[in-house]
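Please open the model in your viewer, with the chains coloured separately, and follow the stops below in order.

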Amino acid sequence: MTMLERTPPPAEQPLLDVKDLEQRYTLPRESMFKPAAQVHALNGVTAQVMAGRSLGVVGESGSGKSTFARLVMALERPSSGSVSLMGRDLNRLPADELRRARRDFQMVFQDPYGSLDPRQTIARIVAEPLTALGRMDRATLRERVSGVLRQVGLRDADMDKFPHEFSGGQRQRIAIARALITQPKLIVADEPVSALDVSVQAQVLNLMQDLQDQFGLSYILISHDLAVVDYLCDEIAVMYLGRIVEQGSPEDLFAHCAHPYTRALLEAVPRARAGGVRRRGAQRIASQSTGATGCAYASRCPLADQHCRETAPPLRNVGRAHLAACHHAEAVMALPSVAAAG
Amino acid sequence: MSDTANAPLIEVRDLGVRLNTSRGPAQAVRGVSFSLRRGETLGLVGESGCGKSVTALALMGLLPESAVVSGSIRLDGHELVGLSDANYCKLRGNRISMIFQEPMTALNPMHTIGRQVAEPLRRHTNCSAADARREAIALLDRVGLPDAAKRVDAYPHQFSGGQRQRITIAMALACQPDVLIADEPTTALDVTIQGQILDLIADLVAERGMSMILISHDLGVIAENVQRMMVMYGGIVVESGATNTVFTRMGHPYTQGLFRARPRLGARKGTRLQTIAGTVPELADLPSGCTFADRCGIVEDRCRVALPAVVDVGARHGVRCIRTDVSMAETVGAVEHDHA
Amino acid sequence: MSTPLSASVDVEAVTARPRLATGFWRRALRHRSFVIGGALSLMVLFAALLSLVWTPWSAYEIDVTAKLRPPSATHWLGTDVLGRDIVSLLLVGARSTIMVGVIAVSIGLTFGVCLGLIAAARKGWTEEIIMRMSDFTFAFPAVLSAIMLAAVAGPGMVTSIVAIGIFQIPTLVRLTRGSANAIWAREFVLAARASGKGGFRITIEHVLPNVLPILIVQATIQFALAILAEAALSYLGLGTQPPQPSWGRMLNDAQTLLFQSPMLAVYPGAAIAIAVLGLNLLGDGLRDLLDPRLARER
């Protein structure tokens, strides 16, 4: 259903199949006598990624995009729903098999300073996914490490250094090398360039694209930056308060977006150009509280009407491989497109 | 005051800052000059370690004691370089205010927001506690905090990130400063909130006739929010001019590199981003001559001999590069097309 | 106000990154409290080692005819009420002091660090039980548990060592759990989990090495506390038994003669003060030297 037109015949099994994923967290009790409050971090997310293709997940803080990443990585158990990689439900695998299955999916984190243990050498850090799989002799290990370090543009001599001897961009290369060492099929990258300087950001994004071309990797790229996701991904899911509100190819999403939230995101991106004057939105305070019923975005939406506040819109087809969860999707698509380039 | 609105409110001449780093002394800022009249806005763009934040801290007199500041900073004709800390305290929060990147750390978690907004008022003006509180509520209301009168006694953790930034803006504005310095005020916020906060700052600046210095790493934020801009790299200003002029035709290879390196929405698939080779240099070991020489695509031997002088490439558009004939042969920049 | 803080943070961001490992000793030798603390601690250690091979007089030989002598060329600091040489007593006393300290702190570290690491790794009920048990132990002062132990096993050096060791555990559990929790929250631990490492390996490979500097520093402080506790127990007659000398017992013996010869109390008191001060300064120094954030400010 969510597959794109260019996807291979439907007989082929998707690399990653996420079905109806929900995650609730219980908040600390405020009172002994009241039931503990719960937050719905993820509210029924369904997505598929075919081998060699990439999914971008866009959203602001609190949208559940990082929870989604952790669930795909099987770092948490979902409250309900399933995550299947190559047909295997990760949450039903025995611990030992899950550990072995992890060679196929690896992760790159946001903070290049926090994601590398300051007391370990680069060789140890990069080798970690291999050593987690089982014993391996030192010479082979170092050979593998030197191989991936070269792939990400670092040198053999860097193996015995410590993380603090590298700049932010180099550290992110090290983190990518660590994810690559098991030759995974899927890399989940949670805001991989948002902590980097603009000039370095471009180097890392180019590297990620090269690696994809070279190894046929799939990425799940989590980001708040639409342009970054557009650059690397074949399909984009826009999340808002734990739900996917719009999903489709970057071309569809940016040329004629169907959800008012996607539109708001597009309009909010500052444009680097002469004579650029920001479109001024209403000075409305974003309240992210949800009513019991109705569309979660209704309180911020300029198009919201009574129907929106009463009935939650389902995610539905608004075009070929283009889904949106909005009663007024057609009206939004009819609006003049947000000038994209810039 | 009486001198007319044409005299510069703040005038910086040849500002230099020397910092002590763990790798020895470093010239964090060199030869920064600009002047701002009342109501004007100036943007500082650059990457980490380019000296933009150090420049802001120098204006605020907030550098560590070991820092050596040279040159001149004049506020309404009064020299600020060498001013005692006690005298600087009378200016900070009163005539010059600053908004920081992290609203979380800029607010004291143990005090109510009302108290924190009222604090500069109590310190710099002799108004009563009740007046200060009333003024604090009015300010919080002005910055768009919902139910300001009710929530004035709440604590910072009870607000969202965007609301907290509104509170720090109210704090910065309490004493009606002449100069507002905003150091990456929206970097920690979501995109949709970012626009609201920038709108608010723009409104307040216009409303109160303040001068604003906006610091950002984001060329888009600069393009949309300030009249003039300066691009900094390695502690020096490499390009400066009216924002529209600079964005129409960028002169310095670094500005051009920054502009081209950004991933752009709707760019054709499969195109590679143009990168700037290498990494941002450490301040302690900047190259001699042009600070950008090691990463520049059109570098020549003479670039490394001495720091290039500023070349005028247009009306009040200065570029610190000796190869503008090459760098500007091709137009780099973008102009908003009227899509009416 | 937070402005000065932000200023320092910003400046830090633009300064060069530090090199952690290089020049540890060079920095150490320039650190005043580390040097003074190290010298004082070494002095105590040297006294204890010296007593194994040489003391001016025997510390056990009683010569009532030579009791309460003032300092002289033969007895440098005089003699006590049983005619024993004070210098010899102090030297031998250093031995039991250090022994009690080392063994008690080892007990405390072994149990405290293990339990703290387990609590941080397992969370949930395991953590709850460990923490409540350590709170329970914490509620009993060392003296009280020593009295209870002495009632069962009889007073003596072993009893006092065990009592002091148990008394050390809760502090170390709390500290270890707190620091380990902070490490568990770091992204590199998440990265290790994502590559399939379990709680035990993460604890050994990532958590322990990162909390170790904090533990080393705390150990020196615990050592000082153990010396004080040993002195207190010996003073109460619950610790080292005669004729084995210890600084606490010397204080205890001096008590009855406080007005006749006050110096008898001053010597062991000064020895305890020197040892405790030395270790505290050493701990302060180590904390500064091992903290990467402080290291960058020279």
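A residue is taken as buried here if 20 or more other C-beta atoms lie within 10 Å of its own, with the C-beta atoms placed from the backbone. The model is a predicted one, and this should be kept in mind at every stop.

Begin by selecting residues 52-60 of chain B, which form helix H1. How many of the residues of this helix are buried? Nine of the nine are, so H1(B) is largely enclosed by the rest of the structure. The buried residues run from Lys52(B), Ser53(B) and Val54(B) through Thr55(B), Ala56(B) and Leu57(B) to Ala58(B), Leu59(B) and Met60(B). Step just past the end of this helix to Gly61(B), whose phi is positive, at about 65°.

Move next to chain C and select helix H7, residues 157-184, together with helix H9, residues 199-235. The two pack with their axes 9 Å apart and at an angle of about 155°. Since angles over 145 degrees count as roughly antiparallel, H7(C) and H9(C) are therefore roughly antiparallel to each other. Their crossing is right-handed. To see the contact itself, display the side chains on both helices: those on H7(C) include Ile164(C), Phe167(C), Leu172(C), Leu175(C) and Trp184(C), while the residues they meet as a group on H9(C) include Val207(C), Val211(C), Ile214(C), Leu215(C) and Leu233(C). Classified by type, the residues of this contact divide into 14 nonpolar, nine polar and one charged.

Keep chain C in view and bring in chain A, since the next stop is the contact that takes 17 residues from chain C and 18 residues from chain A. On the chain C side, helix H8 (187-194) and H9 each supply at least two residues, and the largest share, seven residues, comes from H8(C). The side of chain C that touches chain A is made up, by class, of eight nonpolar, four polar and five charged residues.

Finish within chain A by selecting its open sheet of four strands, whose order is E2-E1-E4-E5 and whose pairing is antiparallel. Which strands lie at the edges of this sheet? They are E2(A), residues 38-49, and E5(A), residues 88-89, each of which pairs on one side only. Zoom in on strand E4 of chain A, residues 80-85, which is joined to E5(A) by two bridges, the two strands running antiparallel. At this last stop, label Leu85(A) and look across to Arg88(A) in E5(A), which stands opposite.

Terms used: Residues are numbered from 1 along each chain as its sequence is written. Chains are lettered from A and ligands numbered from 1 in the order in which they are written. This is a predicted model: local features need pLDDT of at least 70, side-chain atom pairs count only at pLDDT 80 or more; totals for chains, interfaces and linings use all residues. Axes are lines fitted to C-alpha atoms, for helices over the stretch in contact, and angles run from 0 to 180 degrees between N-to-C directions. Angles under 35 degrees count as roughly parallel, over 145 as roughly antiparallel, 65 to 115 as roughly perpendicular and the rest as oblique. A crossing is left-handed if the near helix is turned anticlockwise from the far one by less than a right angle, and right-handed if clockwise. Two residues are in contact if their C-beta atoms, placed from the backbone, lie within 7 Å. Ala, Val, Leu, Ile, Met, Phe, Trp, Tyr, Cys and Pro count as nonpolar, Asp, Glu, Lys and Arg as charged, and the others, Gly among them, as polar. A residue is buried if 20 or more other C-beta atoms lie within 10 Å of its own, exposed if 12 or fewer, and partly exposed in between; C-beta atoms are placed from the backbone. Two strands pair if DSSP finds at least two bridges between them.
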